[in-house]
Amino acid sequence: MIKAILSLLGSVLILAILGAGGVLFVFYHFGRALPDYRQLADYEPPVMTRVYAGDGRLLAEYAVEKRVFVPIKAIPKLVVRAFLSAEDRNFYTHPGVDLPSVARAMLTNVRNLGKDRRLVGASTITQQVAKNFLLSNEVSWERKIKEAILAFRMERAFNKDRILELYLNEIYLGFGSYGVAAAALNYFNKPLDELTVAEAAYLAALPKAPNNYHPLKYPAAAKERRDWVIGRMLMAGLITADEAEMARAARLEVRQMAETEFIQAEYFAEEVRRELAERYGERQLYKGGLLVRTTLDPRLQEIADTVLRQGLETYDRRHGWRGPLASMEMGADWRARLAEVEPPLGLGGWRLAVVLGVDQAGADIGFRDASHGRVPLAEMKWAQPWMENQELGPPVLGAADVLALDAVIAVEPVTVNAKNEIYPENTFGLRQIPEIEGALVALDPHTGRVLAMTGGYEYAKSQFNRVTQAMRQPGSAFKPFVYLAALDSGFSPSTLILDAPFVIDQGPGLPKWRPSNYTKNFYGPSTMRLGVEKSRNLMTVRLAQTIGMDKVAEFAERFGIVATLPRRLVSSLGAAETTLLKLTTAYAMLVNGGKRITPTLIDRIQDRHGRTVFRHDNRGCAACRATFWTNQPVPVIPEHRQAVTNPLSAYQAVSMLHGAVQRGTGKRVKAVGKPLAGKTGTTNDSVDTWFIGFSPDLAVGVFAGFDEPRTLGRKEQGATVAAPIFRDFMAKALQGRPTIPFRIPPGIRLVRVNGTTGRPARAGDRNIILEAFKPGTVPAEQSEVLEGYTTTVSETPATGTGGLY
């Protein structure tokens with residue numbers, strides 16, 4: 001008997017040793033090449049980057065997966081309990097593998113042998129984390145063994161909450177939802193803490209097969225699975241019987257996630273996206289969960305979009321009708337044929353219509369929805385035929401001069417005519433998508449913060465950003481920096497410069513260079529101020545020749561207009577290409593007193609943990625963090641901006657540009673009724689038109705021209721195309737704001753002078769203005785006239801006249 005017992009014990013021992021050896025062999029064999037589970041200690045799931053406007057509203061989101069990461073401590077207990085009931089009720093007690101559940105699954109699989117059924121698993125949450133993060137979805141015994149080994153190892157390395165946190169934020173739950181927070185929003189349009197028992201149970205029912213329990217495709221299966229989870233929660237004592245009964249009775253309703261409201265600023269947002277990608281790389285941009293606070297002012301952005309679009313449309317209408325968008329064969333099925341016409345890019349809020357009838361007084365039109373309308377003759381009078389070089393054909397006398405049957409056109413509802421008389425209902429105006437493009441940028445001249453940026457007529461039509469990417473000649477908009485260089489060299493706004501013919505002999509075999517004024521006239525000795533206000537080319541060239549192009553180039557490069565300015569006189573008239581943002585920033589440095597600023601679209605960037613990794617304004621201010629006001633002194637923020645010019649010279653330039661708005665080429669802007677300064681710019685053949693200007697606290701630049709450079713028309717210039725857009729922007733941007741005069745720096749002396757001669761005013765003088773002088777520079781009774789010289793051979797041939805007006 002004893003011998004039999006000893007034999008039995010020996011056999012058991014041998015089997016135990018063999019079993020242990022087998023287990024050790026399995027662990028050794030399958031555990032050798034397993035992924036390093038320790039990487040999960042620092043794992044951070046891909047999280048979307050969010051970009052916010054300056055007022056905190058959402059501007060853009062960038063992500064590969066729309067995931068919202070929620071720390072385990074912030075996930076409601078109801079949600080945690082629902083998932084544990086459905087997926088792993090022994091999660092907090094097992095060592096990574098639930099052995100009783102494994103035994104049950106093995107028995108079930110043995111019974112199903114030969115029945116062509118999928119293997120039943122008993123994966124714990126820890127095993128699912130191992131599979132989702134470190135292994136494949138292959139259904140095999142080998143993967144299950146590896147999964148179990150990793151689960152044991154992970155349980156020794158991480159606490160339970162960390163494992164559960166990884167699971168609940170990584171699991172795919174259908175509807176494009178990664179993680180429970182995204183699923184709550186996508187299925188029920190709720191945050192996690194507002195989910196009901198029924199809703200939490202449904203989410204917990206999804207991990208096994210989200211598509212099989214789709215609430216719209218398979219509502220019965222979805223509800224059955226949800227109710228099963230509710231039953232598991234009741235069995236575990238996590239909810240009461242009444243709560244379970246109410247949850248089962250609840251309808252399984254999907255509430256479409258409320259559409260996220262975004263600020264519309266496509267050009268701005270894309271520029272931010274490019275900067276983030278350049279700074280941090282695409283992976284960090286789309287998966288790093290950055291929080292980006294931008295400089296955008298949504299009110300100013302909306303104004304910028306509106307006035308630029310209206311300004312380009314106004315120009316386009318001045319130059320005639322280029323014809324319908326398409327034409328089609330008329331028939332009883334015209335609605336279906338119209339529906340087949342692809343709306344052109346840039347249509348915006350306008351509607352496509354087909355012309356159904358034409359008479360002398362107008363045209364009858366139809367829409368895709370079978371509704372009808374009418375375009376009266378008054379709303380197509382502008383549509384004279386477009387001709388080459390932006391010329392116009394004969395005037396419109398009747399609707400048939402513009403439209404024909406079957407023409408597909410763009411229209412917009414109108415309610416009143418030019419005389420402010422009310423139109424009948426369903427009256428429309430003929431519209432045309434402009435070929436001209438343009439851009440507008442507004443920034444804070446004291447900080448460089450870009451407040452608004454519109455890079456074209458419509459982003460859908462063209463993603464090319466003409467604020468930052470278009471290199472164009474600034475023309476006369478460059479001239480203020482020639483005059484600033486002279487002011488810094490000792491000249492004053494009253495310095496007399498000869499306005500007379502100017503000829504440069506460029507050398508043997510080359511034509512003589514003869515720049516001219518826009519008017520083709522000569523005005524004799526004129527003050528430097530008049531040279532700026534009236535945009536005199538001949539005066540500018542003489543001044544640049546006198547102070548030297550090296551000096552002009554130094555200022556152009558110092559202000560960041562160009563990296564290297566060609567040392568030739570034509571450059572003084574704005575022949576060197578630059579961008580709208582660079583030129584507007586340069587003007588901003590005039591009105592801020594000559595301090596260097598760097599334009600920025602981003603105020604601050606935080607990483608996914610809330611740590612600030614970038615800040616545009618790095619000035620320290622400990623006193624600014626005071627919690628309470630106790631009559632302490634107002635904090636003084638240190639001044640770190642570098643001086644790029646003498647503040648007195650900068651103010652003199654501002655004063656002359658203010659005169660250009662009051663009396664010169666920018667006088668259309670005067671209608672705003674606020675202190676404004678600025679300069680027009682037009683290049684040869686009216687190819688590029690500009691207006692760059694500012695109020696004391698807002699710098700704005702406008703550009704307009706064709707993407708493929710060609711003339712805008714013989715009568716078009718910066719004053720007719722760009723200046724009205726600037727004017728309309730400033731009128732709305734400054735509406736209701738207090739009137740602030742330009743700030744005068746200490747040392748400037750304001751003297752009453754004769755506006756024509758620049759000399760101190762005398763009794764009987766009529767054209768009297770206040771002129772800004774540095775100490776000791778008020779002109780005497782007799783002043784020298786700067787004449788220059790006109791026979792120098794240029795080292796580099798110059799062509800064209802540069803800026804015009």
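**Sheets, buried contacts and enclosed spaces in the predicted model**

Phe694 stands opposite Ala699 in β20. Strands here are DSSP runs of E with at least two residues, helices are runs of H or I with at least four, and both are numbered from the N terminus. The model is a predicted one: local features need pLDDT of at least 70 and side-chain atom pairs need pLDDT 80 or more, while totals for chains, interfaces and linings use all residues. Residues are numbered from 1 along each chain as its sequence is written, and side-chain values use heavy atoms, with hydrogens and water left out.

The residues Phe694 and Ala699 belong to an antiparallel pair of strands. Strand β19 covers residues 688-695 and strand β20 covers residues 698-705. Eight bridges join β19 to β20. Two strands count as paired if DSSP finds at least two bridges between them.

Both strands are part of a five-strand open sheet. The order is β13-β12-β20-β19-β18, and the pairing is antiparallel. β13 (450-454) and β18 (677-682) stand at the edges. Each has a single partner strand, so one side of each is left without a neighbour in the sheet. Neighbouring strands of this sheet are turned by 5° against each other on average, direction ignored. The angle is taken between axes, which are lines fitted to C-alpha atoms (for helices over the stretch in contact); angles run from 0 to 180 degrees between N-to-C directions.

The edge strand β13 is mostly covered, with five of its five residues buried. Burial refers to relative accessible area: under 20% is buried, over 50% is exposed, and partly exposed lies in between (1.4 Å probe, protein chains only). β13 pairs with strand β12 (residues 437-443) over four bridges, in the antiparallel sense. Within this pair, Leu440 stands opposite Thr454 in β13. The hairpin of β12 and β13 has six residues between the strands. There, Gly448 takes a positive phi near 85°.

Asp688 is also placed in this sheet, in strand β19. Its relative accessibility is 4%, and therefore Asp688 counts as buried. The side chain of Asp688 makes a polar contact with the side chain of Arg472, at 2.7 Å. A polar contact is a pair of N or O atoms within 3.5 Å; within protein, one must be able to donate a hydrogen and the other to accept it, and residues adjacent in sequence count only if both atoms are side-chain atoms.

A second open sheet has three strands, in the order β15-β14-β23, with mixed pairing. Its edge strands are β15 (524-527) and β23 (785-786), and each pairs on one side only. Strand β14 (residues 496-499) and β23 run in the parallel sense and share two bridges. Leu496 stands opposite Val785 in β23.

Two buried residues lie at points where distant parts of the sequence meet in space. Thr294 sits in strand β3 (residues 291-294) and has a relative accessible area of 0%. Thr294 and Thr600 are 306 residues apart along the chain, yet their C-alpha atoms are separated by 8.6 Å. Val467 occupies the loop between β13 and α15 (479-488). At 0% relative accessibility, Val467 is buried. Val467 and Gly701 lie 234 residues apart in sequence and 8.9 Å apart in space, C-alpha to C-alpha.

Positive phi also occurs in residues other than glycine. Asp406 has phi near 75° and lies in the loop between β9 (391-392) and β10 (407-413). Asn420 has phi near 70°. Asn420 is found in the loop between β10 and β11 (428-431). With a relative accessible area of 60%, Asn420 is exposed.

A search of the whole structure finds one cavity of 30 Å³ or more. On a 1 Å grid over the protein atoms alone, a cavity is a set of points where a 1.4 Å probe fits but cannot get out; a pocket is an open set with protein on both sides within 12 Å along at least five of seven lines; lining residues have an atom within 4 Å of a point. Grid points are joined across faces, edges and corners, and a volume is the space filled by probe spheres set on the points. The largest cavity holds about 30 Å³ of space. Its lining consists of Tyr315, Asp316, Arg322, Trp386, Gln390, Glu435, Phe706 and Arg710. Three of these lining residues are nonpolar, one is polar and four are charged. Ala, Val, Leu, Ile, Met, Phe, Trp, Tyr, Cys and Pro count as nonpolar, Asp, Glu, Lys and Arg as charged, and the others, Gly among them, as polar.

The second largest pocket has a volume of about 580 Å³. It is lined by 20 residues, of which Thr447, His616, Asp617, Asn618 and Arg619 are the closest to its centre. This lining divides into three nonpolar, seven polar and 10 charged residues.
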